[in-house]
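Please examine the structure below with some care. The paragraphs that follow lead through it step by step.

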Amino acid sequence: MANAASGMSVVDECKLKFLELKSKRNYRFIVFKIEDQEVVVEKLGSPAENYDDFVNSLPADECRYAVFDFDFITTENCQKSKIFFIAWSPDTSKVRMKMVYASSKDRFKRELDGIQVELQATDPSEMSFDIIKSRAI
């Protein structure tokens, strides 16, 4: 088999659910995981869920990709939303896992058309609500 990155595939469900988040706003967030050389949907967050629910759905010691639809009010009082791509790679996760996620990230991100902000985090403080907010504006 070729190296992990070239063998990685993205199941269609990932793209479909992302499109639904982007166009219909059916979900607040989506968590993706790599399983058997494929990126699959692990969890869908309902629109009623918030950022804390999202952070709590990321495992403490495993890597994940995620998208989060962040709503905010601008200084001009306009309601806006930005779609974040978050590469979650905790320090405690296995080195091999980190490498697989890192090498596949750009390819996976290209499949999701409409990402506005990318964030990498190795611990929860690097993706705090304040950081998200400051990157959105």
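Strands E5 and E6 run parallel and are joined by five bridges. Two strands are said to pair if DSSP finds at least two bridges between them. Strands (E, at least two residues) and helices (H or I, at least four residues) are themselves DSSP runs, numbered from the N terminus. Within this pairing, Ala 87 has Gln 120 of E6 as its bridge partner. The model is a predicted one, in which local features need pLDDT of at least 70 and side-chain atom pairs count only at pLDDT 80 or more, while totals for chains, interfaces and linings use all residues. Residues are numbered from 1 along each chain as its sequence is written, and side-chain values use heavy atoms, with hydrogens and water left out.

The pairing of E5 and E6 belongs to a wider arrangement. Six strands form an open sheet, in the order E1-E3-E2-E4-E5-E6, with mixed pairing. Its edge strands are E1 (9–10) and E6 (117–121), each of which pairs on one side only.

It is instructive to cross the sheet from E5 towards the other edge. Strand E5 covers residues 79–88, and 10 bridges join it to E4 in the antiparallel sense. Along this pair, Asp 71 stands opposite Ser 81, and Arg 64 stands opposite Trp 88. The two strands form a hairpin with five residues between them, where Asn 77 takes a positive phi near 70°.

Strand E4 itself spans residues 64–73 and is mostly covered, for eight of its 10 residues are buried. Here, buried means under 20% relative accessible area, exposed means over 50%, and partly exposed lies in between, as judged with a 1.4 Å probe and protein chains only. E4 also pairs with strand E2 (residues 29–35), in the antiparallel sense and over four bridges. In that pairing, Phe 29 faces Phe 68 of E4.

What is the sense of the pairing between E2 and E3? Strand E3 (residues 38–45) pairs with E2 in the antiparallel sense, over seven bridges. Phe 32 stands opposite Val 41 of E3, while the bridge partner of Ile 30 in E3 is Leu 44. The hairpin of E2 and E3 has two residues between the strands, and in it Asp 36 takes a positive phi near 50°. Finally, E3 and E1 run parallel and are joined by two bridges; there Val 10 stands opposite Val 39.

The helices may now be added to this picture. The chain holds five helices and six strands. Read from the N terminus, the elements follow the order α-β-α-β-β-α-β-β-α-β-α. Between E5 and helix H4 (95–111) lies a loop that contains Asp 91. Is this residue buried or exposed? Asp 91 counts as exposed because its relative accessibility is 53%. Apart from neighbours within four places in sequence, Asp 91 is in contact with Lys 98 and Thr 122; contact means heavy atoms within 4.5 Å. Asp 91 and Lys 33 are 58 residues apart in sequence, and their C-alpha atoms are 17 Å apart in space.

The chain may also be considered as a whole. Its radius of gyration is 15 Å, which agrees with the value near 14 Å for a compact globule of 137 residues. This radius is taken over C-alpha atoms, and the globule rule is 2.2 Å times the number of residues to the power 0.38. Along its principal axes, the C-alpha trace spans about 55 × 30 × 20 Å. Of the 137 residues, 42% are buried. Among contacts between residues at least 6 apart in sequence, 62% join residues at least 24 apart.

The surface and the charges complete the account. About 7,400 Å² of the chain is exposed, and carbon and sulfur atoms supply 50% of this area; such areas come from the Shrake-Rupley method with a 1.4 Å probe, and for residues only the protein chains shown count as cover. The mean positions of the 20 positive and 23 negative charges are 4 Å apart. In this count, Lys and Arg are positive and Asp and Glu negative, whereas His and the chain ends are not counted. Each charge is placed at NZ of Lys, CZ of Arg, CG of Asp or CD of Glu.
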